[in-house]
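Welcome to this guided tour. Open your viewer, get your selection tool ready, and follow along one stop at a time.

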Amino acid sequence: MSTTEEILDAVPMDQIAARLGVDRATAERATRAALPTLLAGMNANAADPDGARSLVGAISKHDPALVEGGVDLDQVDTDDGAKIVRNVFGQNTDAVVNTLSKADSGAAGSGGGLGDLLPKLLPILAPIVLSFLAKKFGQGGGAGADAESGGGGIGDLLGGLLGGGAGGATGSGSGGGGGLGDLLGGLLGGGSGSGGSGSRESGGGLGDLLGGLLGGGKR
């Protein structure tokens, strides 16, 4: 099971849909766009030692119990989530939302992108993602030592979850995108429709566009 699928399995999609005021299919589409983007943004920040320490500190404040046995949205602190999103994407937050929305609109062949939903959804999902990472850290021996060493462990963890190396989602260019390019390239129906094989070239579309926007978060 992929990381996105693991988190999706814990997310109460009906509650998400109700909170966003959309049908379940639309809520799932938005969630499938937002989740890997959050993870990729965190991975990009983790490439910087100060960003990694900040991320580990945030993870240590989130209880893995939130994602165990299914998430109850009433237990999710969206104010905390909004701070997490800003810490992950920094001044690029709006640009990330716009890029995802435009890519989704093009892939869906309609003007009904996700622009109105993502600003509401990301703060809901961000605490869930950090609790999921806290759970993964617990399974791997805890986050405390990692914070002291500069955060190498969080980069390794996120790189592995994203399907690439720790540096694979740093956004320094599309050529080394690997896991990030492959993950985001086909995220919203393949973007250009060229199929998965071209995702690292022009077909990476979304992955390439987001690559330059990730890693702008808290240091």
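**Stop 1: Arg 24**

Start by selecting Arg 24, which sits in helix H3; helices here are DSSP runs (H or I, at least four residues), strands are E runs of at least two, and both are numbered from the N terminus. Before you go further, note that this is a predicted model, where local features need pLDDT of at least 70, side-chain atom pairs count only at pLDDT 80 or more, and totals for chains, interfaces and linings use all residues. Residues are numbered from 1 along each chain as its sequence is written, and side-chain values use heavy atoms, with hydrogens and water left out.

Is Arg 24 buried or exposed? Its relative accessible area is 44%, so Arg 24 counts as partly exposed. On this scale, buried means under 20% relative accessible area, exposed means over 50%, and partly exposed lies in between (1.4 Å probe, protein chains only).

Now show what surrounds Arg 24. Leaving aside neighbours within four places in sequence, Arg 24 is in contact with Met 13, Asp 14 and Ala 17, where contact means heavy atoms within 4.5 Å. Try a distance label too: the C-alpha atoms of Arg 24 and Asp 14 are 6.1 Å apart, although 10 residues separate them along the chain.

**Stop 2: H2 against H3**

Select residues 13–20, which form helix H2, and display H3 with them. The axes of H2 and H3 are 8 Å apart, and the two helices pack at an angle of about 100 degrees. These axes are lines fitted to C-alpha atoms, for helices over the stretch in contact, and angles run from 0 to 180 degrees between N-to-C directions. H2 and H3 are therefore roughly perpendicular to each other. The cut-offs are these: under 35 degrees is roughly parallel, over 145 roughly antiparallel, 65 to 115 roughly perpendicular, and the rest oblique.

Which residues make the contact between H2 and H3? On the H2 side, pick Met 13, Asp 14, Ile 16 and Ala 17; on the H3 side, pick Arg 24, Ala 27, Glu 28 and Thr 31. Colour them by class and you will find 4 nonpolar, 1 polar and 3 charged residues. For the colouring, Ala, Val, Leu, Ile, Met, Phe, Trp, Tyr, Cys and Pro count as nonpolar, Asp, Glu, Lys and Arg as charged, and the others, Gly among them, as polar.

**Stop 3: H1 against H3**

Next, add helix H1, residues 3–10. The axes of H1 and H3 come within 10 Å and cross at roughly 120 degrees, and that makes H1 oblique to H3. The crossing is right-handed: the near helix is turned clockwise from the far one by less than a right angle, whereas anticlockwise would make a crossing left-handed.

To see the contact, select Thr 3, Thr 4, Glu 5, Ile 7 and Leu 8 in H1, which meet Thr 31, Arg 32, Leu 35, Pro 36 and Leu 39 in H3. This contact of H1 with H3 divides into 5 nonpolar, 3 polar and 2 charged residues.

**Stop 4: H3 against H5**

Keep H3 (residues 24–46) on screen and bring in H5 (residues 78–89). Their axes come within 8 Å and cross at roughly 55 degrees, so H3 and H5 are oblique to each other. The crossing of H3 and H5 is left-handed. Thr 37, Leu 38, Gly 41, Met 42 and Asn 45 of H3 make the contact with Ile 84, Val 85, Asn 87, Val 88 and Phe 89 of H5. By class, this contact of H3 with H5 has 6 nonpolar, 4 polar and no charged residues.

**Stop 5: Thr 78**

Stay in H5 and select Thr 78. With a relative accessible area of 30%, Thr 78 is partly exposed. Not counting residues up to four places away in sequence, Thr 78 touches Arg 19, Pro 123 and Ile 124.

**Stop 6: two buried residues**

Move to Ala 52 in helix H4, residues 49–60. Ala 52 has 0% relative accessibility and counts as buried. Its C-alpha atom is 6.8 Å from that of Ile 154, 102 residues away along the chain.

Then select Leu 133 in helix H7, residues 118–140. Leu 133 is also buried, at 0% relative accessibility.

**Last stop: the whole chain**

Zoom out to see 11 helices and 0 strands. Of the 219 residues, 49% count as buried.
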